[in-house]
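Let's take a walk through a protein fold together, one piece at a time. Keep the 3D view open and turn it as you read.

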Amino acid sequence: MMMLRVRSRDGLERVTIDGSHITVSQLKTLIQDQLQIPIHNQTLSTDRNLLLAKSPDDFVSFTDMADPNLLISSLNLSHGSMLYLAYEGERTIRGGPAVTPAGSFGRKMTVEDLIARQMRVSRQEKSHCDSVSFDRDCANAFQHYVNESLAFAVKRGGFMYGSVSEGGRVEVDFVYEPPQQGMEGDLILMRDAEEEKRVEAIALGLGMRRVGFIFSQTVTQDKKDYTLSNVEVLLAAQLHAESELKEWVTAVVKLEMNEEGGADVHFEAFQMSDMCVRLFREGWFETEIGPEDDPKLSKMKKEVVVGVKDLREVDNDFFLVVVKILDHQGPLSCTFPIENRNVETTMRALKTHMDRARSLPFVKRISDFHLLLFVARFLDVGSDVPALAECVRLQSHVPEGYELLIDSMANTC
């Protein structure tokens with residue numbers, strides 16, 4: 001009698017045979033009898049790489065034992081030799097539990113188990129965005145409002161629009177501030193689908209697109225020992241995942257104490273790491289955050305591997321990839337009242353703006369995103385809005401119909 005060791009996805013098992021004079025076909029029959037694996041499902045080989053094959057199509061490349069009439073003795077197999085076995089389907093191991101093809105060494109594993117083993121959270125060293133450059137006027141308009149009007153007491157946010165170069169440089173030329181409710185520790189966006197359609201139509205005409213999100217932190221957060229809170233990570237990850245733009249940027253405006261004891265407005269820019277966005281898309285984040293939770297840690301629904309530890313809480317800094325900040329002077333002005341702030345924009349604001357710039361060519365007078373958004377409420381979003389915005393992009397003559405409409409609107413007050 002002779003014993004062969006057989007390793008499969010279920011672990012190591014033994015098969016007893018009469019001797020090395022039997023054929024591969026006879027060996028398969030014995031495996032069927034002793035291990036309950038049908039002959040037609042068996043692929044045998046002396047090559048351990050068989051166990052790395054991912055599908056039945058890969059099994060066929062292992063041919064050293066494909067001939068059913070081949071004698072075992074010709075393979076130099078002796079008592080205690082190792083063979084490798086791959087098979088399809090399910091089986092029951094004698095004296096053990098039922099296993100499925102997802103099993104590993106006799107343990108039944110689900111797909112979720114396998115994913116969890118591979119979900120490693122580490123720092124991402126390089127961003128997909130080479131740098132982000134802010135139009136000076138739009139950046140100043142945002143920081144001035146959160147500093148002077150809101151005093152950094154509550155949060156404020158906006159979508160950044162501009163362009164992305166082939167080298168991954170992002171340029172931000174205007175910021176759209178959606179309806180929202182800012183609080184000391186949270187920011188709720190009350191997004192208006194119709195208004196966002198108008199914003200997208202303007203961006204289309206200007207040759208721009210949505211490239212990121214900007215928000216302010218409150219003055220009380222300067223005393224915290226985190227860069228972004230768990231609530232901010234959730235919002236940033238959600239918007240990044242929604243965008244499907246690999247260069248998407250998240251910008252933060254905060255108030256920081258300087259060496260003289262005063263306060264300076266400070267801009268920072270990040271990308272959420274690829275792993276962070278993946279975890280959000282696949283539903284790993286706990287979205288219910290209580291007042292007792294540490295804001296510098298993001299809670300997971302299942303354990304992830306950080307370093308050599310399995311954790312349910314991950315330091316938010318692991319999800320941030322720093323992006324270099326630059327500035328430039330963009331093609332748009334930013335002097336028209338900005339949407340969805342404390343004071344509602346009226347026709348009188350339009351008249352004041354147009355009168356103040358009367359000496360300029362008409363296209364220059366309307367080269368302001370916030371003015372275009374105000375006017376867009378009275379135009380067809382599918383044709384007129386992008387057409388008017390394209391005139392601004394090209395700095396070309398504005399058709400008389402649009403000019404008459406805007407002038408008449410300004411003169412109604």
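Start with two helices, α5 and α11: their crossing is right-handed. Keep in mind that what you're looking at is a predicted model. Helix α5 covers residues 193-206 and helix α11 covers residues 384-394, and their axes sit 7 Å apart at an angle of about 40°. How should we describe that angle in words? Anything under 35 degrees would count as roughly parallel, and the roughly perpendicular range is 65 to 115, so α5 and α11 are oblique to each other. If you want to see where they touch, look at R198, A201, I202, L204, G205 and L206 on the α5 side. Across from them, α11 offers V385, P386, A389, E390, V392 and R393.

Helix α5 has another helix to deal with, namely α10 (residues 369-376). Here the axes are 10 Å apart and the angle is about 125°. That angle falls outside the perpendicular range but isn't over 145, so α5 and α10 are oblique to each other too. This crossing is right-handed. On α5, the residues that meet α10 are E195, R198, V199 and I202, and they meet F369, L372, L373 and A376. Notice that R198 and I202 turn up here, and both are also on the list of α5 residues that meet α11.

Now let's move to a sheet. As a bit of background, strands of a sheet pair through backbone hydrogen bonds, either parallel or antiparallel. In this model, 8 strands make an open sheet with mixed pairing, in the order β18-β15-β14-β13-β9-β10-β8-β19. Its edge strands are β18 and β19 (324-328), each of which pairs on one side only. Go from one strand to its neighbour and you'll find them turned by 35° against each other on average, if you ignore direction.

Let's zoom in on one end of that order. Strand β14 (residues 249-257) runs antiparallel to strand β15 (residues 263-272), and 8 bridges join them. One pair you can pick out is M257 with its bridge partner A263 in β15. Together β14 and β15 form a hairpin with 5 residues between the strands, and in this hairpin G261 takes a positive phi near 90°. On to β18 (residues 320-322): this strand is antiparallel to β15 as well, with 3 bridges between the two. Here you can find F270 standing opposite V322 in β18.

What lies across this sheet? It's helix α4 (residues 136-149), which lies across β8 (131-135), β9 (157-164), β10 (169-176), β13 (209-216), β14, β15 and β19. Compared with β8, helix α4 runs at about 80°.

While you're at this sheet, find R210, which lies in strand β13. Is R210 buried or exposed? Its relative accessibility is 13%, so R210 counts as buried, given that the cut-off for buried is under 20%. The side chain of R210 makes a polar contact of 2.8 Å with the side chain of Y161. Another polar contact, this one 3.3 Å, joins the side chains of R210 and E200. Leaving out residues up to four places away in sequence, R210 touches F159, M160, Y161, R191, E196, E200, E242, L245 and W248.

For a contrast, hop over to K301 in strand β16 (residues 297-306). K301 has 41% relative accessibility, so it counts as partly exposed. The backbone oxygen of G283 is 3.5 Å from a polar atom of the K301 side chain. Apart from neighbours within four places in sequence, K301 is in contact with G283, W284, F285, E286 and R312.

Our last stop is another open sheet, made of 4 strands in the order β2-β1-β4-β3, with mixed pairing. Strands β2 (11-17) and β3 (42-45) are at the edges with a single partner strand each, so one side of each has no neighbour in the sheet. The twist from one strand to the next averages 35°. Inside this sheet, β1 (residues 2-8) and β4 (residues 82-87) pair in the parallel sense over 3 bridges, and R7 has Y84 in β4 as its bridge partner. Finally, helix α1 (residues 24-35) packs on the sheet and touches β1, β2, β3 and β4, with its direction at about 120° to that of β2.

Terms used:
Residues are numbered from 1 along each chain as its sequence is written. This is a predicted model: local features need pLDDT of at least 70, side-chain atom pairs count only at pLDDT 80 or more; totals for chains, interfaces and linings use all residues. Side-chain values use heavy atoms; hydrogens and water are left out. Two strands pair if DSSP finds at least two bridges between them. Buried means under 20% relative accessible area, exposed over 50%, partly exposed in between (1.4 Å probe, protein chains only). Contact means heavy atoms within 4.5 Å. A polar contact is a pair of N or O atoms within 3.5 Å; within protein, one must be able to donate a hydrogen and the other to accept it, and residues adjacent in sequence count only if both atoms are side-chain atoms. Axes are lines fitted to C-alpha atoms, for helices over the stretch in contact, and angles run from 0 to 180 degrees between N-to-C directions. A crossing is left-handed if the near helix is turned anticlockwise from the far one by less than a right angle, and right-handed if clockwise.
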